[in-house]
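Work through the exercises below with the sequence and the model in view. Each task is followed by a solution in steps.

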Amino acid sequence: MQSIKVLKNAIRKDMRTKMRSLPKDSLLEQTRSVQKKVLGLEELHKSSRVGIYLSLPTEISTTELLRELFKQNKACYVPRWGNNHMDMVRLTSWSDYEGLPVNSFGIPEPAHEEKRINAFEEGGLDVLIMPGLAFDKFGNRLGRGKGYYDRYLNNYQSLGKSFNRKAAFQKPFLVGLALNEQISGAPIPTDEFDNQVDLVITSKRNIHKQHGA
């Protein structure tokens, strides 16, 4: 029987091919629809502190979504990666976003030498908007293979305690954004390290997490 790693890599290869071949007008149309649905979420309306990924050209774009979150006076946090970890750090404004350097993956990322407020310093995240290479109908997520988001979520309590020992940090509401083509027809193989998202949003449907799947 094939290992989970082999199965995951096969799905990744298939999804990368699909995403590269997707027409730009379809990507734009799906992005607009997904952004509208995200902005209508009750969980987002209730939130104060929102973590959000900064998108690759082949992903659902979060650029206009980020702009709207600033307009709504949300505190916005974006990923900053280390060798084996990820932090969510504060962006102060739209102009702050526009001035971010671009990393080796072609994604805007706050400079590592620049002091930024960590989300845990301000109580942690209420909502975390996540990317993925693939999702399934159970809310399982397949990332790009580095494990940054899963590691961050699996260590959420201990990471928070390193900033505030007395605080109790609850995991944020997890929202995955996906193209219709990124929904796998077969269940995504998972292990104990993998986190389901609470909600996957595509232009065609919303997929809610199913416990025990």
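Helix 1 gives the most to the lining of the largest pocket, with five residues. The model is predicted, so local features need pLDDT of at least 70 and side-chain atom pairs pLDDT 80 or more, while totals for chains, interfaces and linings use all residues. Residues are numbered from 1 along each chain as its sequence is written, and side-chain values use heavy atoms, with hydrogens and water left out.

**Exercise 1.** Describe the largest pocket and its lining.

Step 1. The space in this pocket is about 680 Å³. A pocket is an open set of points on a 1 Å grid over the protein atoms alone, where a 1.4 Å probe fits, with protein on both sides within 12 Å along at least five of seven lines; lining residues have an atom within 4 Å of a point. The volume is the space filled by probe spheres set on the points, which are joined across faces, edges and corners.

Step 2. The lining has 29 residues, and Gly 143, Arg 144, Gly 145, Lys 146 and Gly 147 are the closest to the pocket centre.

Step 3. Two or more lining residues come from each of helix 1 (4-21), strand 2 (75-81), strand 6 (141-142) and helix 6 (148-154). Helices (H or I, at least four residues) and strands (E, at least two) are DSSP runs, numbered from the N terminus.

Step 4. By type, the lining has 14 nonpolar, five polar and ten charged residues. Here Ala, Val, Leu, Ile, Met, Phe, Trp, Tyr, Cys and Pro count as nonpolar, Asp, Glu, Lys and Arg as charged, and the others, Gly among them, as polar.

**Exercise 2.** Find how Phe 120 and Phe 169 are arranged, and what they join.

Step 1. The structure holds seven aromatic pairs. Rings of Phe, Tyr and Trp (its six-membered ring) pair if their centres lie within 6.5 Å; planes under 30 degrees apart count as stacked, over 60 as edge-to-face and the rest as tilted.

Step 2. One of them, Trp 94 with Tyr 97, is tilted, at 4.9 Å centre to centre and 35 degrees between the planes.

Step 3. Both Trp 94 and Tyr 97 are buried, where buried means under 20% relative accessible area, exposed over 50% and partly exposed in between (1.4 Å probe, protein chains only).

Step 4. The ring centres of Phe 120 and Phe 169 are 5.3 Å apart and the planes stand at 90 degrees, so this pair is edge-to-face.

Step 5. Phe 120 is in the loop between helix 5 and strand 4 (127-130), and Phe 169 is in the loop between helix 7 (156-161) and strand 7 (173-177), so the pair ties together parts 49 residues apart in sequence.

Step 6. Phe 120 and Phe 169 are both buried, and they form one aromatic cluster with Tyr 152, Tyr 156 and Phe 163.

**Exercise 3.** Is Gln 170 buried or exposed, and which residues is it in contact with?

Step 1. Gln 170 lies in the loop between helix 7 and strand 7.

Step 2. Its relative accessible area is 69%, so Gln 170 is exposed.

Step 3. Leaving aside neighbours within four places in sequence, Gln 170 is in contact (heavy atoms within 4.5 Å) with Leu 125, Tyr 156 and Gln 157.

Step 4. Gln 170 also helps to line the second largest pocket, as do Phe 120 and Phe 169; that pocket holds about 150 Å³ of space.
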